[in-house]
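Before we start, please keep the sequence and the model open side by side. How does one learn to read a sheet, a strand, a pair of cysteines or a surface patch?

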Amino acid sequence: MGAEQGALSGALAHHAAHPSGEAAFERAKASGNFPIDARQIFALAAILATAPLVIAVYAYVGYPLILWIVASIRPRRSSARDSARWPSVTITVPVYNALSSIAATLESLLELDYPRNQLEILVISDASTDGTDDVVRGFADRGVDLLRLPERRGKTSAENAALAASRGEILVNVDSTILLPAESLKNLVRVFDDPTIGVASGRDVSVGEAANRGTRAESGYVGYEMWVRDLETQVGSIVGASGCFYGSRRHVHARPLPQGLSWDFAAALVARKQGYRSVSVSTAICIVPRSAQIRTELRRKVRTMARGISTLFYHRDLMNPLRYGGFAFMLISHKLLRWLPYLLTPIAYVALCILAVESVTARALLGILSAGLLSGIVGIQRRNSTTVRPIALAGFIVAVFYAGLLAWCAAIRQTQMATWEPTPRPEVQT
């Protein structure tokens with residue numbers, strides 16, 4: 001009994017000398033007696049937990065603010081020149097199984113206000129199997145050409161093949177699911193009168209049912225992206241074009257791009273290496289119907305983001321500020337630092353769990369974050385387009401971050417994402 005009482009007394013004395021919980025944690029830190037290894041672990045956890053937020057705030061708020069300041073003090077340059085000559089243009093439409101949308105898109109292209117003797121419309125079918133080719137052939141007597149690839153190799157391969165089959169001085173790529181107002185092509189092509197411009201990007205306008213809250217956030221993001229590109233144009237050059245509607249000088253596409261990379265992003269990068277700048281044309285409107293469901297947008301984002309990440313690192317030399325100056329700064333800020341938080345978020349969540357062991361604030365943040373994550377999962381799973389707004393917004397955010405993480409995994413593993421499925425979109429009218 002004496003030995004047991006002694007052990008109990010020793011344990012009580014140790015507990016009194018080393019109180020547990022957050023109060024002891026804070027007192028240990030204040031007194032400087034906190035173990036150095038533990039301090040380092042919690043400091044590292046704090047850095048990792050906040051890193052995605054800090055990077056995202058800079059990329060989405062700080063970077064546009066810097067652009068706005070520079071643009072406000074720099075004289076606005078005019079891209080368009082007054083020229084009577086319209087260059088020859090080839091509109092390329094890469095498609096795969098676009099039966100539901102290709103006819104409406106071609107009708108839209110045939111109604112464009114552009115000299116017919118200077119316009120070529122070329123559809124590149126990536127071995128479609130649903131009757132898309134038959135629909136395109138039905139437009140042959142109206143000046144639409146079809147190039148059918150013998151086997152399915154992906155969108156980039158289709159765009160590579162377009163160069164040899166086209167004759168235009170300017171190549172304009174459009175998506176098979178969009179519509180163009182009649183004046184959009186002239187507005188886009190006119191800027192090439194400026195010999196310093198190598199790529200011109202249209203202005204996406206995302207449209208859809210007002211009641212569809214599940215993907216309405218996509219429209220807001222598209223509007224924000226167009227605003228940032230306008231600022232970049234005023235400062236000097238955009239770092240990526242819109243895949244739905246963009247044009248470039250023919251020799252920008254002189255060298256084929258590897259499969260799995262993205263031409264709409266790479267075009268601006270190749271143009272910069274050739275000494276050109278790229279611009280966003282606010283009057284070159286492109287109407288893009290947004291997807292009806294978040295899960296559809298998620299699949300599209302995984303594919304496009306993975307291709308974008310791979311394209312960025314394929315042209316990683318452009319991120320060298322010693323060689324490319326301001327363009328490198330803009331490329332890092334607009335692309336790399338936007339995508340990096342998706343890779344860091346799972347690490348940040350684990351770091352927040354570590355901090356929550358001793359911090360009430362961390363526990364509260366962890367609870368809020370976890371609740372938002374669960375709400376987002378519910379928002380993604382629900383098929384009802386009239387999902388309540390907070391859940392719909394949470395679903396969109398979770399879908400974006402999940403897509404970003406999957407995209408990084410695909411890019412790191414070098415997973416081939418060359419082939420693509422058409423994104424189902426509702427019909428719209430110009």
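What follows is a dialogue between a learner and a teacher about this predicted model.

Q: In what order do the strands of the open sheet lie?
A: To read a sheet, one follows it from strand to strand across the pairings. Here seven strands form an open sheet with mixed pairing, and their order is E3-E2-E1-E4-E6-E5-E7. Strand E3 (144-148) and strand E7 (277-289) stand at the edges, where each has a single partner strand, so one side of each is left without a neighbour in the sheet. On average, neighbouring strands of this sheet are turned by 20° against each other, direction ignored.

Q: Which strands pair with E4, and in which sense?
A: For each pair, one asks about direction and about the bridges that join the two strands. Strand E4 (residues 170-174) pairs with strand E6 (residues 245-249) in the antiparallel sense over five bridges, while strand E1 (residues 89-95) runs parallel to E4 and is joined to E4 by four bridges. You can follow single partners in the picture: Val174 has Phe245 of E6 as its bridge partner, Val172 stands opposite Gly247 in E6, and Thr90 is partnered by Leu171 in E4.

Q: Which way do the side chains of E4 point, and are they buried or exposed?
A: In a regular strand, side chains alternate between the two faces of the sheet. In E4, Ile170, Val172 and Val174 point one way, whereas Leu171 and Asn173 point the other way, and all of them are buried. The strand is accordingly described as mostly covered, with five of its five residues buried.

Q: How many disulfides are there, and why?
A: The test is a distance: two cysteine sulfur atoms must lie within 2.5 Å of each other to count as a disulfide. By this rule the count is zero. Take Cys244 as a case: the closest cysteine sulfur, in Cys286, is 5.0 Å from its own sulfur, which is too far for a bond. Cys244 counts as buried, at 14% relative accessibility, while Cys409, at 31%, counts as partly exposed.

Q: Which residues make the nonpolar surface patch, and where is Ile354 found?
A: For a patch, one looks at which residues take part and at how much of each can be reached from outside. Ile41, Val350 and Ile354 make a nonpolar surface patch of about 250 Å². Ile354 is found in helix H11 (residues 321-356). With a relative accessible area of 34%, Ile354 is partly exposed, and a residue needs over 30% to be part of a patch, so Ile354 passes that cut-off.

Terms used: Residues are numbered from 1 along each chain as its sequence is written. This is a predicted model: local features need pLDDT of at least 70, side-chain atom pairs count only at pLDDT 80 or more; totals for chains, interfaces and linings use all residues. Side-chain values use heavy atoms; hydrogens and water are left out. Patches are made of residues with over 30% relative accessible area and no salt bridge: like charges are joined within 9 Å, nonpolar side chains (Val, Leu, Ile, Met, Phe, Trp, Tyr) within 5 Å. Accessible areas come from the Shrake-Rupley method with a 1.4 Å probe; for residues, only the protein chains shown count as cover. A salt bridge is a side-chain nitrogen of Lys or Arg within 4 Å of a carboxyl oxygen of Asp or Glu. Buried means under 20% relative accessible area, exposed over 50%, partly exposed in between (1.4 Å probe, protein chains only). Two strands pair if DSSP finds at least two bridges between them. Axes are lines fitted to C-alpha atoms, for helices over the stretch in contact, and angles run from 0 to 180 degrees between N-to-C directions.
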